[in-house]
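Welcome! Please take a look at the structure below, and then let us walk through it together.

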Amino acid sequence: MVFSRLRAGLSRTRNRINNALRRLGGDRSNEETLEALEEVLYSADVGPLAGELLDEAATMLKKGHFAQAGEMEQWLRDSLREMIPGPANPPIALQTETPTVILVVGVNGAGKTTSIAKLVKFLQDQGQKVLVAAGDTYRAAAVEQLSIWCDRLGAEMVKSQQGADPASVAHDGADAAMARKADVLIVDTAGRLHTQKNLMAELEKISRVLSRKIPSAPHHTLLVLDATTGQNAVQQAKLFGERVPLSGVILSKLDGTAKGGAVLSIFREIGLPVTFIGLGEQLGDFEVFDPAAFVEALFDPKD
Ligand SMILES: Nc1nc2c(ncn2[C@@H]2O[C@H](COP(=O)(O)OP(=O)(O)O)[C@@H](O)[C@H]2O)c(=O)[nH]1
Ligand SMILES: [Mg+2]
């Protein structure tokens with residue numbers, strides 16, 4: 001069941017939250033209750049959102065709310081859920097006249113290539129023909145890794161030799177996507193930091209080349225963020241977004257972290273939707289981010 005994969009992936013974050021939640025409620029002073037709430041919020045690494053929620057909770061406590069056990073937890077769940085809009089439907093809007101081009105960017109090791117493989121499967125499961133361009137030309141191993149995934153998935157891949165200009169791979173990918181009537185072209189890229197001027201300019205060049213081949217491509221630029229870095233990932237999204245127009249985030253490695261609450265602040269802080277989440281290293285460990293299901297899985301104490 002989909003929900004249980006999410007639950008399993010979030011177990012570390014959930015355990016932390018539930019430990020802190022046990023200190024909520026009971027016969028405590030307002031101050032003690034707020035301290036316990038603060039601990040819950042910091043446990044989940046929700047970031048600056050914590051301040052907002054604590055202020056609101058303080059006001060509500062003064063008005064006499066949260067007298068019954070469990071009331072505060074319920075309020076917290078509802079508040080978190082209301083802060084993030086539901087998933088877009090479809091999560092990735094497809095073009096009707098041309099292949100839809102998705103550019104995937106992020107720092108080294110964030111999970112770009114793995115997430116691309118998962119995304120290929122996700123789209124294939126919906127009947128889309130997907131072609132992949134191996135735009136990480138810096139390391140031979142990167143092309144090899146992507147090609148192994150593509151073989152497994154039965155997806156065509158366009159590549160060039162190591163050291164080739166990634167924009168030329170994108171160019172060839174766009175040509176191939178049109179010639180072979182692919183529905184979607186996904187372009188992998190080498191890891192880069194927002195501070196690396198040349199590499200950021202290279203992304204612009206890739207985009208430019210793509211748009212010359214296919215009108216308004218790339219239609220989506222997805223930033224892959226490693227959830228184990230918590231609030232740093234949020235910071236990274238902010239800085240990357242100042243350099244490249246981003247359309248959404250893939251938050252990988254939620255299974256390996258107790259900082260899963262960071263996902264909630266990405267939208268709040270940057271206005272960038274989290275489109276997909278990664279919950280493991282396998283192809284199926286991937287879901288459309290659904291805030292309601294996420295918050296449920298975050299709190300549900302039935303372990
Ligand atoms: N546990 C876990 N590992 C992941 C996930 N996504 C990627 N990884 C691992 O993270 C490492 C780096 O992934 P990779 O896709 O090569 O990152 P890239 O450098 O951004 O392309 C690999 O060992 C992946 O198996 C995830 O959702 N969960
Ligand atoms: Mg890679």
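## A strand in the middle of things

Strand β4 (residues 184–187) sends Val184 and Ile186 one way and Leu185 and Val187 the other way, and all are buried. Here a strand is a DSSP run of E with at least two residues, a helix is a run of H or I with at least four, and both are numbered from the N terminus. Buried means that 20 or more other C-beta atoms lie within 10 Å of the residue's own, exposed means 12 or fewer, and partly exposed is in between, with C-beta atoms placed from the backbone. In a regular strand, side chains alternate between the two faces of the sheet.

Which strands pair with β4 in the parallel sense? Strand β1 (residues 100–105) does so over four bridges, and so does strand β2 (residues 130–133), also over four bridges. Pairing requires that DSSP finds at least two bridges between the strands. Val187 of β4 is the bridge partner of Leu103, while Val184 of β4 is the bridge partner of Val130.

## About the model

This is a predicted model, in which local features need pLDDT of at least 70 and side-chain atom pairs count only at pLDDT 80 or more, while totals for chains, interfaces and linings use all residues. Residues are numbered from 1 along each chain as its sequence is written, and chains are lettered from A and ligands numbered from 1 in the order in which they are written.

## Around the ligand

Ligand 1 is surrounded by 19 residues, and the closest are Gly111, Lys112, Thr113, Thr114 and Gly278. A residue counts as near if its C-beta atom, placed from the backbone, lies within 6 Å. Helix α6 (residues 112–125) gives the largest share of this shell, three residues.

By class, the shell has three nonpolar, eleven polar and five charged residues. Nonpolar covers Ala, Val, Leu, Ile, Met, Phe, Trp, Tyr, Cys and Pro; charged covers Asp, Glu, Lys and Arg; the others, including Gly, are polar.

## Loops worth a look

Two cis peptide bonds can be visited here: one joins Asn89 and Pro90, with omega about -5°, and another joins Ala217 and Pro218, also with omega about -5°. Pro90 sits in the loop between α5 (71–83) and β1, and Pro218 in the loop between α9 (197–213) and β5 (220–226).

Asp45, in the loop between α3 (30–43) and α4 (49–62), has a positive phi near 55° though it is not a glycine. Is Asp45 buried or exposed? Asp45 is buried, because 26 other C-beta atoms lie within 10 Å.
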